[in-house]
Amino acid sequence: MTRYFKSLLIFCSFFWIISCKSQSAISVTEDKKGLTISDTTFVNLKDYSQNFVYDMKYATSDNFLKAKVYDCAECFLRLKTVNALIKANTKFMKKGYKIKIFDCYRPLDIQKKMWEIVSNPQYVANPAKGSIHNRGGAVDITLVDNNGKELDMGTSFDYFGIESSHNYLKVSQEIQLNRELLKKIMIQKGFNSFDSEWWHYNLKSALKDPVSNAKWDCN
Ligand SMILES: [Zn+2]
């Protein structure tokens, strides 16, 4: 009997170790350089997909700050945001479109600068709470067609007015359909839309991740 229980104990321990190992293998993996990464690690989107179009507005002076606030144009996000965004883009590509990116992760210091200029939570998140951009879970995007031409969304990116709202219906049917197309697929892939900005999407599972002020390297 004793021997039976010993064998049972050894067998159970072995099974427990195996199941723990396989569980950890689900959420933790290695990147190309052999570094351990998880769902919440910040990664560069271009290392995971070449199928996005970029127009990183804050790495130029073509934005409401009228200043180049990023040293270089990179799209860093948490890995889970990247994975969800790639799934959405794959779906758009099947329909003949691609996601064009205006902004991704945004260090908290930049959020503070934005808040100084536009202290209106309808358009800029209060840095005291932090934006989902500061958490690596938000993207500002639009869609382009096969020729790289932006679909008409009714306003430009960062137009801070009622016309940018999903609820503003005094737009043409084409604009309404374009906004709906973007919204429908982003929601299907795990994002929330933001009522006052047709371009802004938050990954639902990133809302509570910590705020960061880390800057990326510009080589
Ligand atoms: Zn945004």
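**View 1. Contacts that span the chain, and the overall build.** Residues 24 or more positions apart account for 68% of the contacts in the protein with a separation of 6 or more; here two residues are in contact if their C-beta atoms, placed from the backbone, lie within 7 Å. This is a predicted model, in which local features need pLDDT of at least 70 and side-chain atom pairs count only at pLDDT 80 or more, while totals for chains, interfaces and linings use all residues. Residues are numbered from 1 along each chain as its sequence is written. The secondary structure comes to four helices and nine strands, where helices (H or I, at least four residues) and strands (E, at least two) are DSSP runs numbered from the N terminus. Read from the N terminus, the elements follow the order α-β-β-β-β-β-α-β-α-β-α-β-β. Of the 219 residues, 28% count as buried. A residue is buried if 20 or more other C-beta atoms lie within 10 Å of its own, exposed if 12 or fewer, and partly exposed in between, with C-beta atoms placed from the backbone.

**View 2. The open sheet and the helices that lie across its strands.** Start with the strands: five of them form an open sheet in the order β4-β6-β7-β9-β8, with mixed pairing. Two strands pair if DSSP finds at least two bridges between them. At the edges are β4 (53-54) and β8 (191-194), each of which pairs on one side only. Four bridges join β8 and β9 in the antiparallel sense, and S193 stands opposite Y201 in β9. Now add the helices. α2 lies across β6, β7, β8 and β9 and runs at about 140° to β6. α4 lies across β7, β8 and β9, at about 145° to β8. For these angles, axes are lines fitted to C-alpha atoms, for helices over the stretch in contact, and angles run from 0 to 180 degrees between N-to-C directions.

**View 3. The largest nonpolar core.** In soluble globular proteins, nonpolar side chains tend to be buried together. A nonpolar core is a set of buried Ala, Val, Leu, Ile, Met, Phe, Trp, Tyr and Cys residues joined through C-beta atoms within 7 Å. Which of the 32 residues in the largest core touch the most other members? They are L77, A88, I99, I101, C104, V139 and I141. Two or more residues each come from β5 (76-78), α2 (79-94), β6 (98-103), β7 (138-144), α4 (173-188) and β9 (197-203). With five residues, α2 gives the most to this core. Look for I101, which touches F52, Y54, M56, C75, V139 and I141, not counting residues up to four places away in sequence. There is also a second, separate core of five residues, among them Y58, I110, V124 and A125.

**View 4. Helix α4 and its two faces.** α4 has 16 residues and reaches 22 Å from its first C-alpha to its last, close to the 22 Å expected at 1.5 Å a residue; the expected span is 1.5 Å times one less than the number of residues. Its buried residues are N178, R179, L182, I185 and M186. Seen down the axis of α4, these fall within an arc of 145°, so they line one face of the helix; the arc is that of the directions from the helix axis to the C-beta atoms. What covers them includes α2, β7, β8 and β9. Turned away from the buried side are the exposed residues Q173, E180, K184 and Q188. L182 is buried because 24 other C-beta atoms lie within 10 Å. L182 and L143 are 39 residues apart in sequence, and their C-alpha atoms are 7.3 Å apart in space. Just after α4, G190 takes a positive phi of about 105°.

**View 5. Helix α3, with a buried and an exposed side.** What are the buried residues of α3 (residues 108-117)? They are I110, Q111 and M114. Seen down the axis of α3, they fall within an arc of 105°, so they line one face of the helix. The face turned away from them carries the exposed residues D109 and E116.

**View 6. K66 and D158, two loop residues with positive phi.** K66 sits in the loop between β4 and β5 and has a positive phi of about 55° although it is not a glycine. Is K66 buried or exposed? K66 counts as exposed because it has 8 C-beta neighbours inside 10 Å. D158 lies in the loop between β7 and α4; its phi is near 60°, again a positive value in a residue other than glycine. With 22 C-beta neighbours inside 10 Å, D158 counts as buried.
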